[in-house]
Amino acid sequence: MVSFKPSSVVPPLTRPQLSEARRVRAAELFGQGRSGAEIARMLGVSEESVRRWRRVWEGGGADGLRRRPATGRPPKLDDAQVERVRAALEQGAQAHGFEADLWTLERVGLVVERVTGVALSKASVWRLLTGRLGWSLQRPERRAVERDESEIAHWIAHEWPRIKKGR
């Protein structure tokens, strides 16, 4: 009998999460009265970092050492809109009235505008595709219309060895 259980594997921490965990651990060690040099050795960081963290900790406690949300302009598309765009793009370019089933930045920008009502620059479309959607650049292979795979296989199997022997 085979049984399945939910995986107990915890995903690895991201770099920002690891950095925050290190700073919070430093705050615990500050509370224990440990020296800066000792904390630096234990956490594998420079003493200067520990001194900087101690100043922040003395001013605002452990909460001052936690990550803060990213600053800057919020994204034009929220997560729900991004998922609607993903679903639309997965239908293919021809489903949106384009002649060839090939996505370009301009075409994706048009679909984003149709689906969400938000106009994006080419740079923003690129960031949407590569960052938020996780897509990568794919270029179609250029091949001659006259290309004959069986002729190529025959040439590689028969002609190439003959030519190579003639060295």
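# Calls and cut-offs in a predicted model

Reader: What makes Glu-106 count as partly exposed?
Author: Its relative accessibility is 43%. Buried would need under 20%, and exposed would need over 50%. The value falls in between, so Glu-106 is partly exposed. Note that this is a predicted model.

Reader: Why is the contact of Glu-106 with Lys-122 called a salt bridge?
Author: The side chains meet at 2.8 Å, N to O. The rule asks for a Lys or Arg nitrogen within 4 Å of a carboxyl oxygen of Asp or Glu. The distance passes, so the pair counts as a salt bridge.

Reader: What does the pair of Glu-106 and Lys-122 tie together?
Author: Glu-106 lies in helix 5 (residues 105-116), and Lys-122 lies in helix 6 (residues 122-132), so the bridge joins parts that are 16 residues apart in sequence. Lys-122 is partly exposed, at 49% relative accessible area.

Reader: How do you know that Arg-51 forms a salt bridge with Glu-48?
Author: Their closest N and O atoms are 2.9 Å apart. The limit is 4 Å, so the call holds. Both residues sit in helix 3, three residues apart, and that separates them by about one helical turn. Residues three or four places apart on an α-helix point the same way, because the helix has 3.6 residues a turn.

Reader: Are Arg-51 and Glu-48 buried or exposed?
Author: Neither word fits, because both values lie between 20% and 50%. Arg-51 has 44% relative accessibility. Glu-48 has 37%. Each counts as partly exposed.

Reader: What makes Glu-149 and Arg-147 a salt bridge?
Author: A closest N to O distance of 2.6 Å, which is within the 4 Å limit. Glu-149 is partly exposed at 44% relative accessibility. Arg-147 is partly exposed too, at 41%.

Reader: How many salt bridges does the rule give?
Author: The count comes to 13. Some are linked: Glu-20, Asp-63, Arg-66 and Arg-67 form a network of salt bridges.

Reader: How many aromatic pairs are there?
Author: Three. One of them joins Phe-98 and Trp-103.

Reader: Why is the pair of Phe-98 and Trp-103 called edge-to-face?
Author: Take the distance, then the angle. The centres are 6.1 Å apart. The limit is 6.5 Å, so the rings pair. The planes stand at 75 degrees to each other. Over 60 degrees counts as edge-to-face, so that is the label.

Reader: Which accessibility class does Phe-98 fall in, and which does Trp-103?
Author: Phe-98 has a relative accessible area of 15%, under the 20% cut-off, so it is buried. Trp-103 has 24%, over that cut-off and under 50%, so Trp-103 is partly exposed.

Reader: Which residues of helix 2 are buried?
Author: In helix 2 (residues 36-43), the buried residues include Ile-39, Ala-40 and Leu-43. They cover an arc of only 100 degrees around the axis, which puts them on the same side of helix 2.

Reader: What do the buried residues of helix 2 pack against?
Author: Helix 1 (15-31) and helix 3 (47-60). Just after helix 2, Gly-44 takes a positive phi of about 70 degrees.

Reader: Which residues form the nonpolar patch on the surface?
Author: Trp-155, Ile-156, Trp-160 and Ile-163. Together they have about 400 Å² of accessible area. Trp-155 sits in helix 7 (residues 149-165). Patch members need over 30% relative accessible area, and Trp-155 has 40%, so it passes.

Reader: What makes Glu-146 count as exposed?
Author: Its relative accessibility is 68%, over the 50% cut-off, so the word applies. Glu-146 lies in the loop between helix 6 and helix 7. Its C-alpha atom is 44 Å from that of Gly-117, a residue 29 places away along the chain.

Reader: Which residues is Arg-86 in contact with, leaving aside its neighbours within four places in sequence?
Author: Arg-132, Leu-133 and Trp-135. Arg-86 lies in helix 4 (residues 79-90). Leu-133 is 47 residues from Arg-86 in sequence, but 7.1 Å away in space, C-alpha to C-alpha.

Reader: What separates the C-alpha atoms of Ala-80 and Gly-33?
Author: They are 48 Å apart, with their positions 47 residues apart along the chain. Ala-80 is in helix 4. Its relative accessible area of 47% stays under the 50% cut-off for exposed, so Ala-80 is partly exposed.

Conventions. Residues are numbered from 1 along each chain as its sequence is written. This is a predicted model: local features need pLDDT of at least 70, side-chain atom pairs count only at pLDDT 80 or more; totals for chains, interfaces and linings use all residues. Side-chain values use heavy atoms; hydrogens and water are left out. Rings of Phe, Tyr and Trp (its six-membered ring) pair if their centres lie within 6.5 Å; planes under 30 degrees apart count as stacked, over 60 as edge-to-face and the rest as tilted. Buried means under 20% relative accessible area, exposed over 50%, partly exposed in between (1.4 Å probe, protein chains only). Helices (H or I, at least four residues) and strands (E, at least two) are DSSP runs, numbered from the N terminus. The arc is that of the directions from the helix axis to the C-beta atoms. Contact means heavy atoms within 4.5 Å. Patches are made of residues with over 30% relative accessible area and no salt bridge: like charges are joined within 9 Å, nonpolar side chains (Val, Leu, Ile, Met, Phe, Trp, Tyr) within 5 Å. Accessible areas come from the Shrake-Rupley method with a 1.4 Å probe; for residues, only the protein chains shown count as cover.
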